[in-house]
Amino acid sequence: PYPLYAELRRTPVARQEDGSYVISTYRELTGILHNPHLSSDVRNLAHPMPLYEERTTPSFINLDPPEHDRLRRLAMRHFGPPHTPGLVTGLEPALTATVSSLADGFAGKGQIDIVDDFAYPFPVTVICHVLGVPREDEPRFHVWVDAIVNSIDYDPKTDPKEKLDNGVQATKDLHQYLGGLLEQRHARPTDDLLSRLANDDGPDGRMTDDEIVSTAHLLLIAGHETTVNLITNGMLTLLRHPQVLQRLRNEPGLVVPLVEELLRYEPPVHIIPWRAAYSDITVADTVIPKGSQIMLMLASGSRDPNRFHDPDRFDPDRRDNEHLGFGSGIHLCFGGPLARRETQIALTELVRRLDRPRLVTDPPPYRRSPVLRGPIHLHVEQGG
Ligand code: HEM
């Protein structure tokens, strides 16, 4: 039940020793996420993210209006509903085929790692497909994404420098690769996302090549570990609630509200650590001075008893469920429709294909990151 969050919520806006602020209650979180003086521009932060210096063009998750809005709109036109409802629907056969071929690997295996054998390879394959990366190049993407994701929580006090260096090198290699692919798409466009971004002439003009590369990078990174964790947290939660797992077998439509409840109850993104105050911001009678770093405890907001009835109960029949799993405001997750559908398909297939699954260790080992929450492995026994 996350007792630390309950403790934090007693002081909705708390000042830390280093001068940063922590916000942990639902009302204050949604309020500040819609405040135009809250900045996502990492250049405004006292402690920028380690990889930031290596990037030439920041991606729009780390930009403020008007740049953020222009780039988000340009990407959104081709990406998600309601702009192109076809994209996620059009991906359906690819999603089902990918999940099904991963689950084929379960046959005859007594023990499966839901992370390595299933959840981890799935989203990166999907994004490669969306971007238009040829199949034979996909394995390189798995390696790059792995190195970049690993280096995001690099801590100079405890981690070997190699961890950061690998991330930096992978970023360079990925950008060089994407730049090359983009050149080909300029010359011979197809209907993939890179071609569409390269040839778009909408009311906002066109993205530059640098902007396209950093947008593709963002989609890969923002959409990978998060989706892996939602699928894995989902399977873990189902195994801890066998009656819900059984219901899902008999009632396939349950997967839709179930994934929504997972985003509230065991969300992949617990904290947004990189916001800054442009000018003084008043929240719950506390003035947060201009320039302060602000940490947003999204997962705490989604467990706030002042907003959700019986918040520590996993209830897939919950009605009023406006969780913060995808954030809120202008940076609301752009990949939400895709992530939801990927997770719905993945959980349905896992439940269908695993034979009497049982957890090997509970709790499983977790990633160290306080920002992204999910097991590093989830060993499940089946059959027998
Ligand atoms: C933004 C969560 C999957 C692309 C966000 C934010 C959250 C989030 C909390 C807000 C960040 C902020 O306010 O600074 C998740 C979760 C996912 C998921 C929990 C999976 C379960 C995806 C996927 C994609 C994606 C699949 C793309 C393919 C993005 C982008 C943004 C974003 C581009 C930045 C939006 C903006 O700045 O306007 N996501 N995400 N996400 N997400 Fe996701």
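**Cores, sheets and confidence in the predicted chain**

The largest nonpolar core holds 70 residues, and Ala-119 and Leu-194 have the most contacts inside it. Helix H6, residues 121–131, gives the most to this core, with seven residues. Apart from it lies another core, of 23 residues. Among the members of this other core are Tyr-21, Tyr-26, Ala-276 and Ile-294. Leu-194 is in contact with Leu-131, Gly-132, Leu-181, Leu-182, Arg-185, Ile-212 and Ala-216, leaving aside neighbours within four places in sequence.

The model is predicted. The chain averages a pLDDT of 91, and 95% of the residues score at least 70. Residues 50–54 stay under 50 in pLDDT. For this stretch the model has eleven contacts beyond four places in sequence. For the complex, the predictor gives an ipTM of 0.98 and a pTM of 0.94.

The chain has 15 helices and ten strands. Its C-alpha atoms fill a box of roughly 60 × 60 × 45 Å along the principal axes. A compact globule of 384 residues would have a radius of gyration near 21 Å, and the chain agrees, with 21 Å. Buried residues make up 41% of the 384 residues. Of the contacts with a separation of 6 or more, 69% come from residues 24 or more positions apart.

Strand E5 covers residues 272–277, and five of its six residues are buried. Strand E3, residues 38–39, is joined to E5 by two bridges, and the two run antiparallel. Here Leu-38 stands opposite Ala-277. E5 is also joined to strand E8, residues 293–296, by three bridges, again with antiparallel strands. In this pairing Arg-275 stands opposite Ile-294, a residue of the 23-residue core.

Helix H2 spans residues 26–33. Its residues Tyr-26, Glu-28, Leu-29, Ile-32 and Leu-33 are buried. Several elements cover the buried residues of H2, including the strands E3 and E8. The cover also includes strand E1 (13–15), strand E2 (21–23), strand E6 (281–283) and helix H14 (298–301). Tyr-26 of H2 is buried and belongs to the core of 23 residues.

A further sheet is open and has three strands. The order is E4-E10-E9, with antiparallel pairing. Strand E4 (111–113) and strand E9 (358–359) stand at the edges. Each has a single partner strand, so one side of each is left without a neighbour in the sheet. Three bridges join E4 to strand E10, residues 379–381.

Ile-112 has its place in strand E4, and its bridge partner in E10 is Val-380. Ile-112 is buried, because 22 other C-beta atoms lie within 10 Å and the cut-off is 20 or more. Leaving aside neighbours within four places in sequence, Ile-112 is in contact with Phe-106, Asp-117, Val-380 and Gln-382. The C-alpha atoms of Ile-112 and Val-360 are separated by 9.7 Å, although the two residues are 248 apart along the chain.

Conventions
Residues are numbered from 1 along each chain as its sequence is written. This is a predicted model: local features need pLDDT of at least 70, side-chain atom pairs count only at pLDDT 80 or more; totals for chains, interfaces and linings use all residues. pLDDT is the predictor's confidence in each residue, from 0 to 100. Two residues are in contact if their C-beta atoms, placed from the backbone, lie within 7 Å. A residue is buried if 20 or more other C-beta atoms lie within 10 Å of its own, exposed if 12 or fewer, and partly exposed in between; C-beta atoms are placed from the backbone. Helices (H or I, at least four residues) and strands (E, at least two) are DSSP runs, numbered from the N terminus. Two strands pair if DSSP finds at least two bridges between them. A nonpolar core is a set of buried Ala, Val, Leu, Ile, Met, Phe, Trp, Tyr and Cys residues joined through C-beta atoms within 7 Å. The radius of gyration is taken over C-alpha atoms; the globule rule is 2.2 Å times the number of residues to the power 0.38.
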